[in-house]
Structures are given as structure tokens and as C-alpha cells.
Amino acid sequence: MQTPQDREPPVVEVTVVRSGGIAGLRRQWRAEPPEPERGHWVALIRQCPWNEPGEADAGGADRFVWRIEARLGDDDHRTELPETRLQGPWRDLVTEVQAFERDRPDPGRPDDDPGRPADDPGH
């Protein structure tokens, strides 16, 4: 018998927002993988320690802060991490979201957009 934890949710969405840095710019990446890819994403999301209390940041000027939000069906997760804690499963999840957006064409933006550097992974 399958438990709710075993079932693949009908919706899987992940949003990553990076803010701060020298210029204080905000970048956002989003992934909503299609059904054949969901199992991989569910595993990535579930391996993250969502319920661990935040640790104090080592500090430092111009550091990034990462906000990560994940939705597995009706189950929502949110956290905010200083860049010093973006490692292990968190780094894996963020890297996958960035790659997802970079590898999926944006139908609203032409590939030859002169205002977007060739190595820019998105908006």
C-alpha cells in the first residue's frame, strides 16, 4: 500500500529567488517539470532539510540570500538561506532549477534577444 509520501504529486513547482550581492539585484528562476520528470524533482525536494532551524550566517557585506519555495501538490515548503548555507541538497535543488529554466525555451523571448548576454541563464 502506498503512503501519501510515496505518491507522485499532481503538481511540482520550485521557485528560487536570489537577492543581495554588490548591486543588490534580484534574480528569479522557476521550474514546473512535466510529468515524466516529476519523480526526480520530488526526490530533490524531499532531500532538503526544510524543517531544520536556520543557522546564524557568518556575515559579510554583499552576500546573497536565497529564498527557495517548493510545492508538491498541496504541500508547500519555504526557506530563506544565506549563501554560506547553500550547499548539499540545497545547492543540488537550486542548480536543477537554474538548469531547467536555462534549458527550456521561453516562447515570449526570441533566441536572438540582443539585450540578453549569451551566457545569461534567464531573467
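How many bridges join strand E1 to strand E3, and which way do the two strands run? Nine bridges join E1 (residues 12-20) to E3 (residues 64-72), and the two run antiparallel. This is a predicted model: local features need pLDDT of at least 70, side-chain atom pairs count only at pLDDT 80 or more, and totals for chains, interfaces and linings use all residues. Residues are numbered from 1 along each chain as its sequence is written, and side-chain values use heavy atoms, with hydrogens and water left out.

**View 1. The protein chain holds two helices and four strands.** Helices (H or I, at least four residues) and strands (E, at least two) are DSSP runs, numbered from the N terminus. Along the sequence the pattern is β-β-α-β-β-α. The chain has 123 residues, and 34% of them count as buried (under 20% relative accessible area, 1.4 Å probe, protein chains only).

**View 2. Four strands form an open sheet in the order E2-E1-E3-E4.** Pairing is antiparallel; two strands pair if DSSP finds at least two bridges between them. Strands E2 (27-31) and E4 (75-82) stand at the edges. Each has a single partner strand, so one side of each lacks a neighbour in the sheet. Neighbouring strands are turned by 10° against each other on average, direction ignored. Val14 stands opposite Ala70 in E3.

**View 3. Helices H1 and H2 meet the sheet.** Helix H1 (residues 38-46) packs on the sheet and touches E1, E2, E3 and E4. The direction of H1 makes about 50° with that of E1. Helix H2 (residues 89-103) lies across E1, E2, E3 and E4, at about 85° to E2. Axes are lines fitted to C-alpha atoms, for helices over the stretch in contact (heavy atoms within 4.5 Å); angles run from 0 to 180 degrees between N-to-C directions.

**View 4. Glu83 sits in the loop between E4 and H2.** Glu83 is partly exposed, at 30% relative accessible area; the class lies between buried and exposed, the latter being over 50%. Leaving aside neighbours within four places in sequence, Glu83 contacts Asp62, Arg63, Phe64 and Trp66. Val65 is 18 residues from Glu83 in sequence and 5.7 Å away in space, C-alpha to C-alpha.

**View 5. Over residues 109-123 the pLDDT is below 50.** pLDDT is the predictor's confidence in each residue, from 0 to 100. The chain mean is 80, and 71% of residues reach 70 or more. Beyond near neighbours in sequence, stretch 109-123 has 15 contacts in the model. Where pLDDT is low, predicted coordinates should not be read in detail.
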